[in-house]
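Student: I've got a model open and would like to work through its fold with you. Can we go piece by piece?

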Amino acid sequence: MADIVLNVEVREQTGTGGARATRRGGMVPGVLYGGSKDPVAIAVKSNEFRKALYTGKLLGHLVTLKYGSETQPVIAKAIDMHPVTDEPMHFDLYRVDEHQQIKIEVPVHFSNQEESPGLKRGGSLNIAHHTVTVACHADSIPEEIVVDLTGKEIGDSIRVSDLKLPAKVEAAVEGDVVVASIAAAKVDTGGDEAEATEGEAEA
């Protein structure tokens, strides 16, 4: 069962003008897609949507959509935020079955950086992918994928095949894709070059 319930209303007005009118009415406009049904224009009260959003369990998670007495599982696939106010402007929901196999991006986080000899010696963590696409049931989407950097040396790479995924969750990308690497610190020789140039000019 999903942790978050979104109480939605069906929007009569669509398009840019309809979305603006919805926001003026204190609601966030959205669209429900997926399955064998047509898209439906919907809206959620702004305060309820913000509350759900700030739990961190809305985007990319299984959510229960409630319309009157009807409920159905959905996944929030996209949320547009205002560039200045950071308020939610629009969202997309996709119809799913709780036990349906889906592909979805999951955030990658890195732990134990202080236990990496390479980072201790001044190396840097170069992150190539902040998310990884996985295949799993809609009700088993992991919150995150954690990469343990303990023992990682300069020159080491973390590939998709190295990731520790929960049971019944599989990577949906090639195993040799590099997620992150420990790189040597860059040596800044700009100052020396500038001094050499000045010396040559004086000569």
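Student: Which residue of β7 does I75 stand opposite?
Tutor: Keep in mind that this is a predicted model. Start with the strands: β6 (residues 70-81) and β7 (residues 88-95) run antiparallel and are joined by seven bridges. Across from I75, the residue in β7 is Y94.

Student: And which residue has its charged end over the ring of Y94?
Tutor: Look for a lysine here. Its charged end sits 4.9 Å from the centre of the Y94 ring, and the residue is K77.

Student: What is the strand order in the seven-stranded sheet?
Tutor: This sheet is open, and its pairing is mixed. β1 (5-7) and β2 (9-10) each have a single partner strand, so they belong at the edges. Reading across, the order is β1-β5-β6-β7-β3-β4-β2.

Student: At about what angle does helix α1 run to β3?
Tutor: Helix α1 (residues 15-24) packs on that sheet, where it touches β3 (27-33), β4 (40-45) and β7. Its direction and that of β3 make an angle of about 130°.

Student: What about helix α2, which angle does it make with β4?
Tutor: Helix α2 covers residues 46-53 and lies across β1, β3, β4, β6 and β7. Against β4, the helix runs at about 85°.

Student: Now the four-stranded sheet: which strands are at its edges?
Tutor: The order there is β11-β8-β10-β13, in an open sheet with mixed pairing. An edge strand pairs on one side only, and that picks out β11 and β13.

Student: Which residue in β13 is the bridge partner of A135?
Tutor: β10 and β13 run antiparallel, with two bridges joining them. For A135, the partner in β13 is E170.

Student: Which strand gives the most residues to the largest nonpolar core?
Tutor: That core has 24 residues, and I75, V134 and L163 make the most contacts inside it. Strands supplying at least two residues each are β8 (101-111), β10 (131-137), β11 (145-148) and β14 (178-183). With five residues, the top contributor is β8.

Student: Staying with V134, which residues does it touch beyond four places in sequence?
Tutor: One group is I102, K103, I104 and V106, and I145 is also on the list. The remaining ones are V169, E170, A171 and A172.

Student: How many residues are in the other core, the one lying apart?
Tutor: Among its members are L6, V63, L65 and V74. The count for this other core is 18 residues.

Student: Is V160 buried or exposed?
Tutor: V160 lies in the loop between β12 (157-159) and β13 (170-171). Leaving aside close sequence neighbours within four places, V160 is in contact with A171, V173, E174, G175, V177 and V179. V160 and G175 are 15 residues apart in sequence, yet their C-alpha atoms are 4.7 Å apart. Relative accessibility is 5%, and the cut-off is under 20%, so V160 counts as buried.

Student: Is K168 buried or exposed?
Tutor: K168 is in the loop between β12 and β13 too. Its phi is near 65°, a positive value in a residue other than glycine. The relative accessible area is 72%, and over 50% is the bar, so K168 is exposed.

Student: Last one: what is the relative accessibility of N112?
Tutor: N112 lies in the loop between β8 and α3 (117-120). Phi is positive for N112 as well, near 55°. N112 counts as partly exposed because its relative accessibility is 30%.

How values were computed
Residues are numbered from 1 along each chain as its sequence is written. This is a predicted model: local features need pLDDT of at least 70, side-chain atom pairs count only at pLDDT 80 or more; totals for chains, interfaces and linings use all residues. Side-chain values use heavy atoms; hydrogens and water are left out. A nonpolar core is a set of buried Ala, Val, Leu, Ile, Met, Phe, Trp, Tyr and Cys residues joined through side-chain atoms within 4.5 Å. Buried means under 20% relative accessible area, exposed over 50%, partly exposed in between (1.4 Å probe, protein chains only). Contact means heavy atoms within 4.5 Å. A charge sits over a ring if NZ of Lys or CZ of Arg is within 6 Å of the ring centre and within 35 degrees of the ring normal. Two strands pair if DSSP finds at least two bridges between them. Axes are lines fitted to C-alpha atoms, for helices over the stretch in contact, and angles run from 0 to 180 degrees between N-to-C directions.
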